[in-house]
Amino acid sequence: MSYKTDYKRVAGLGSAKSGTEHFVSQRLTAIALIPLSLLFLWGFAPVLGEGYEAMIARYANPVHAVIAVMFILALFSHLRLGLQVVIEDYISGHRLRLRCLIVNALIWRAAAITAIFALVKLALIA
């Protein structure tokens, strides 16, 4: 016995089988961001306003650099997942929705790669 309506059966609409994975991923990144935000601020706040040399010295320490990279990865992954939900819920045109999802994935990944590149460059200068 199928619980699909006639319209869903004809249109092929049904479960995409990825909703739970998306939900869990978004919640895990949110939970991971709590300690990572605190650890990132613990390493970043003391050198804020101290100048470029202090920042280089701080991120020459691998502990602070690794925490910053983990924070960046979790943050941009969480942003991508959250915006994906907004796009899927509020953009009705199929082609426009697909374009927005592609741009969303590319923009946040490019931003994460740029941030990590800048951090690695900063860490390797010292």
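Two residues are in contact when heavy atoms of theirs lie within 4.5 Å. That cut-off is used at several stops of this tour, which goes through a predicted model.

**The whole chain**

Start with the protein chain in cartoon view. The chain holds five helices and zero strands, and along the sequence the pattern reads α-α-α-α-α. Now colour by confidence. The mean pLDDT of the chain is 88, and 85% of the residues reach 70 or more. Select residues 6-11, which form helix 1: confidence is lowest here, at a mean of 64. Then select residues 62-90, helix 4, where confidence is highest, at 94.

Switch on the surface. The accessible surface of the protein chain is about 9,000 Å², and carbon and sulfur atoms account for 70% of that area. Of the 126 residues in the chain, 25% are buried. Among contacts between residues at least 6 apart in sequence, 67% join residues at least 24 apart.

**Helix 2, residue by residue**

Select residues 19-44, which make up helix 2. Three stops follow on this helix.

Begin with H22, a residue of helix 2. Is H22 buried or exposed? Its relative accessibility is 17%, so H22 counts as buried, the cut-off for buried being under 20%. Show the side chains around it: leaving out residues up to four places away in sequence, H22 touches L81, Q84 and V85.

Go on to Q26, also in helix 2. Q26 has a relative accessible area of 15% and is therefore buried. Which residues is Q26 in contact with, leaving aside its neighbours within four places in sequence? They are H78, L81, G82 and V85. Keep L81 and V85 selected for a moment, as they are also among the residues that H22 touches.

The third stop is L33, which lies in helix 2. L33 has a relative accessible area of 10% and so is buried. Apart from its neighbours within four places in sequence, L33 has contacts with F71, A74, L75 and H78. H78 is also in contact with Q26. Next, draw a distance line from the C-alpha atom of L33 to that of M70. The two residues are 37 residues apart along the chain, and the line should read 9.1 Å.

**The cavity**

Hide the surface and look inside. How many cavities of 30 Å³ or more are there? The count is one, and the largest cavity has a volume of about 30 Å³. To find it, select L39, F40, W42, G43, Y59, H64, I67 and A68, the residues that line the largest cavity. The elements that give two or more residues to this lining are helix 2 and helix 4. Helix 2 gives the most, with four residues.

**Helix 5**

Finish with residues 94-125, which form helix 5. This helix has 32 residues. From its first C-alpha to its last, helix 5 reaches 47 Å, close to the 46 Å expected at 1.5 Å a residue.

Which residues of helix 5 are buried? Select N104, A105, A112, L119, L122 and A123 to show them. Then add helix 3 (52-60) and helix 4 to the view: the buried residues of helix 5 pack against these two helices. Helix 4 has been on screen before, as one of the elements lining the cavity and as the helix with the highest confidence.

Notes. Residues numbered from 1 in each chain as written. Predicted model: local features only at pLDDT ≥ 70, side-chain atom pairs only at ≥ 80, totals over all residues. Heavy atoms only, no water. pLDDT = per-residue confidence, 0-100. Expected span 1.5 Å × (residues − 1). Buried < 20%, exposed > 50% of the residue type's maximum accessible area, 1.4 Å probe, protein only. Areas by Shrake-Rupley, 256 points an atom, 1.4 Å probe, with all protein chains shown as cover. 1 Å grid on protein atoms, 1.4 Å probe; cavity = no way out; pocket = protein on both sides within 12 Å on 5 of 7 lines; lining within 4 Å. Points joined across faces, edges and corners; volume = space filled by probe spheres on them.
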